[in-house]
Amino acid sequence: MKKGSLIGNVAQDLGLDLKRLRAGRARIVSGESIQYTELKTDKGILVVSERIDREQLCGDVTPCSFSFEIILEHPMELHRVTVEIIDVNDHAPAFSKRDIQFEISESATLGSRFTLASAEDPDVGLNALQNYFLTTNDNYVLKQHSKPDGSKYAEMVLQKPLDREEHPRLSLKLIAVDGGNPQRSGTVNIEITVLDANDNAPVFNQSVYRASVMEDASKGTYITTINASDADSGSNGVVAYSFSNLKKHLADIFNIDEKTGTISVAGEIDYEKDKKFEIRVEVKDQGGLTDSSEVVIEVVDVNDNAPVINVMSFSSLVSEDAPPGTTIAIINVNDADSERNGQITCSINTNLPFKIQSSLSSYYNLISDVALDRETTAEYNITITATDSGSPPLSSTRTLHLRISDVNDNAPLFHQRSYSTYVTENNSPGMSIFTVSARDSDWNQNARISYLLEDTQISGTPVSTYISINSETGVLHAVRSFDYEQIKEFKCMVKAQDGGSPPLSSNATVTILIQDQNDNGPQVLYPVQTSSSLVAEMVPRSADVGYLVTKVVAVDVDSGQNAWLSYKLQKATDRALFEVGLQNGEIRTIRQVNDKDAVKQRLTVVVEDNGQPSRSATVNVNVAVADSFPEVLSEFIDFTHDKEYNDNLTFYLVLALAVVSFLFITCLAVIISVKIYRWRQSRVLYHSSLPVIPYYPPRYADTLGTGTLQHVYNYEVCRTTDSRKSDCKFVRPSSQNVLIMDPSSTGTMQRMQSEQNILDEPDSPLEQKPPNADWRFTQGQRPGPSGAGGPPEMAMGTGPWPNPPTEAEQLQALMAAANEVSEATATLGPGTMGLSTRYSPQFTLQHVPDYRQNVYIPGSTATLTSNPQQQQQQQQMLMQQQMAAQQQALQAQPSEASAQPEPPKAAQTPASKKKSTKKEKK
């Protein structure tokens with residue numbers, strides 16, 4: 001058949017779909033060196049790819065066929081295909097020789113047989129050699145015979161005696177024909193030379209000789225000996241042995257000794273090619289008479305071929321999550337030997353998670369036996385061993401290198417579930433604190449670990465404000481500087497996450513413990529050190545040895561040995577009198593107090609912690625050695641205070657002192673000027689001879705000298721040259737400026753020095769009453785120390801001040817006094833009452849009714865009004881009235897003076913009515 005000729009539809013015969021053939025990448029696997037067929041996967045047909053010669057492929061074997069396998073992948077399938085070759089009559093019978101020579105004695109007896117050369121026809125069946133024909137003659141007839149293997153040969157049989165004299169030579173033709181269509185034939189010439197009489201032909205003693213030979217027999221190995229006898233004598237009895245009609249390839253394998261008839265090995269014998277040899281042998285005498293026999297030589301197989309391993313299909317990379325039973329490879333194992341020598345056992349090396357199973361004849365599947373784990377073993381070297389059953393057995397091996405692909409089936413694992421680390425406080429931000437590390441048994445991207453901080457809260461603050469983590473190295477860094485006194489430890493959750501899909505992760509807890517540093521000095525709680533007050537401890541002069549004077553109480557916010565405090569006496573007025581407890585800070589006397597000891601004792605105690613380096617604090621303790629408080633008070637009024645200056649604030653203190661001094665001198669000059677001015681004005685009014693006509697508006701009466709306040713506070717300011725340490729004394733009101741108006745009198749009552757009679761009356765309008773809560777000064781508005789508390793009478797302005805004022809408060813009080821003096825010289829406006837903003841910044845006329853409207857002050861020509869324009873008009877009217885009154889006084893008679901009309905009475909208020917009633921009773 002020509003190349004490309006159709007052999008058959010494989011897809012239809014195997015029941016496969018064309019899509020399956022293409023998707024499975026179907027291909028032909030053949031152990032032959034020549035591939036005669038080709039698979040068309042697009043059509044599913046099998047075609048001829050190389051010229052097929054049945055005679056070359058199979059020889060005499062019938063039926064002739066060859067097999068191959070078709071392999072499909074995804075999933076793997078294996079199918080065996082056998083193609084039978086049908087013979088065609090493409091060979092004609094052919095003789096090995098063109099001429100056959102015979103020398104036949106004329107005395108040959110009738111019936112003598114002469115074996116003719118056989119023709120060879122490689123075809124089989126009807127196309128093989130079928131008949132022989134001999135040309136027509138008078139002496140010989142042709143008889144055909146069949147061998148056990150089915151081949152045919154012919155013999156000439158003498159049917160009529162020869163006559164050398166009549167026919168010395170005979171020429172005949174032997175024709176061999178086959179049964180093909182068209183029929184083919186081959187011829188050979190037979191030349192017969194008639195000899196003189198030799199009437200006895202040699203005869204073999206056996207019709208068939210049988211022998212065996214090992215396939216690995218070397219050259220010259222003896223096989224067997226044939227023997228024939230001839231009844232003639234002399235030269236006619238000498239016989240020679242030879243192979244008859246020996247095939248060409250057999251002539252190179254066997255050799256026969258023509259004299260002795262010994263058959264031996266001449267070449268290489270291969271059982272795998274020829275398992276048995278059938279050889280025709282011939283014996284001939286000198287007269288030309290012959291006889292033939294057959295020698296059957298059987299080849300004994302030797303285990304000389306090791307199994308051959310062929311890998312048909314192999315997946316070199318298998319995922320670790322492949323289920324058990326997954327096919328890894330398909331293997332073909334062949335052994336050219338036979339029987340036991342060809343029986344093969346296939347195995348793999350032990351301790352591997354694989355096994356090998358037989359599928360088709362001589363085919364094996366390598367499959368996984370258990371689940372694979374790349375983290376345990378990443379690759380395997382699988383050695384396949386094929387062993388036959390010969391003696392000795394032969395084997396061959398083939399090694400397959402299998403790699404396991406990774407699957408993200410392992411989460412990162414920390415070395416510990418929890419970690420602890422220590423960090424010293426006051427660390428620098430960005431400092432490396434600790435390093436966490438995790439490992440992942442997976443590979444490549446699945447083993448790439450990133451570190452993250454879980455979103456947790458530390459006292460309501462995200463953990464990211466405390467620490468950060470390097471996502472690649474796992475190094476924890478401090479984001480801020482830690483303070484042991486604020487936080488002593490905190491925990492964070494670190495997550496390690498791989499780069500697989502989906503990613504796997506695990507967590508670890510990191511506890512960060514803050515270690516204390518000696519960054520805080522001791523703080524003295526008692527005695528309290530203030531610059532504006534003096535605190536002294538009293539020790540009676542009768543105190544014994546060990547008398548507890550006081551105890552210095554100090555704390556250190558640090559911890560551990562950094563907070564261990566020790567107390568030492570640094571300085572003392574009399575070191576022989578006091579001692580300080582090293583651990584408890586108790587100040588005790590170490591001897592009996594006597595009269596010679598000074599009243600004023602000053603101790604300087606140093607409180608020192610146990611840190612490295614240590615920190616300390618100093619406290620001054622004032623001790624008064626006296627039995628009574630007055631003695632202490634008289635001594636401590638002039639107690640000398642140490643001056644402590646801060647070098648960094650020297651410039652600002654000097655500048656402040658200059659400003660304060662300037663303001664003080666300025667205010668002092670203003671006050672003196674105002675005082676002199678007011679004194680001169682009062683003197684002018686006092687010596688004036690003009691009558692004063694008091695006028696009061698209806699229903700109003702001025703009960704106080706300068707406004708609506710019921711009390712006038714006088715302050716005595718006592719200052720020293722050391723103004724920063726000066727104290728201010730505040731005393732009760734020493735007098736009350738009260739202006740009492742009597743409607744029945746034209747005069748005025750001057751300032752009264754004695755108030756006892758009026759104040760003793762329960763209903764007196766001059767009786768001191770608590771101020772109204774609506775306008776009472778708050779503690780912050782009063783002069784004196786800021787925030788100073790006191791008893792209730794102090795809140796009402798009647799008690800002494802609890803603490804002396806500071807320097808700033810003294811200056812502010814002085815400034816307020818100067819402002820009041822300056823305001824007193826001007827006309828009172830409607831919105832203020834002549835008070836400093838320090839004393840009543842929020843007290844205005846919108847809160848209190850204005851009692852000053854149209855009030856005439858006796859002895860003065862001024863009239864208090866609610867606004868400047870109205871005041872000017874009233875002053876002009878008053879001046880006109882006074883001038884008219886003076887003129888009338890010069891012209892009027894004395895009698896008329898008694899008839900002078902009374903000034904209009906002011907409307908009485910409830911308070912004035914009550915006052916008038918009491919005056920009438922008196």
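Let me begin with helix α7, which covers residues 650-686 and contains L655; please keep in mind throughout that what we are looking at is a predicted model. Is L655 buried, exposed or something in between? With a relative accessible area of 47%, L655 counts as partly exposed, because that value falls between the 20% and 50% limits used for these words. L655 is also one member of a nonpolar patch on the surface, in which it is joined by F651, Y652, V659, F662 and L663, and together these residues have about 650 Å² of accessible area.

Now let us turn to Y451, which sits in strand β37, a strand made of residues 449-453. Y451 has a relative accessibility of 5% and therefore counts as buried, since the limit for that word is under 20%. The side chain of Y451 reaches the backbone nitrogen of A438 at 3.0 Å, and although S471 is 20 residues away from Y451 along the chain, the C-alpha atoms of these two residues are separated by 4.4 Å.

Finally, I would like to show you an open sheet of three strands, arranged in the order β46-β50-β49 and paired in an antiparallel way. Why do β46 and β49 each have a side without a neighbour in the sheet? Both β46 (548-551) and β49 (578-580) stand at the edges with a single partner strand each, so one side of each is left free of a neighbour there. From one strand to the next, the twist averages 20 degrees. Strand β50, residues 586-589, runs antiparallel to β49 and is joined to it by three bridges, and R588 in β50 is the bridge partner of E579.

Definitions and conventions:
Residues numbered from 1 in each chain as written. Predicted model: local features only at pLDDT ≥ 70, side-chain atom pairs only at ≥ 80, totals over all residues. Heavy atoms only, no water. Pairing = 2+ DSSP bridges. Helix = DSSP H or I, 4+ residues; strand = E, 2+ residues; numbered from the N terminus. Axes fitted to C-alpha atoms, helices over the stretch in contact; angles between N-to-C directions. Patch = residues over 30% accessible without salt bridge, like charges linked within 9 Å, V, L, I, M, F, W, Y side chains within 5 Å. Areas by Shrake-Rupley, 256 points an atom, 1.4 Å probe, with all protein chains shown as cover. Salt bridge = Lys/Arg side-chain N within 4 Å of Asp/Glu carboxyl O. Buried < 20%, exposed > 50% of the residue type's maximum accessible area, 1.4 Å probe, protein only. Polar contact = N/O pair within 3.5 Å; in protein donor to acceptor, adjacent residues only side chain to side chain.
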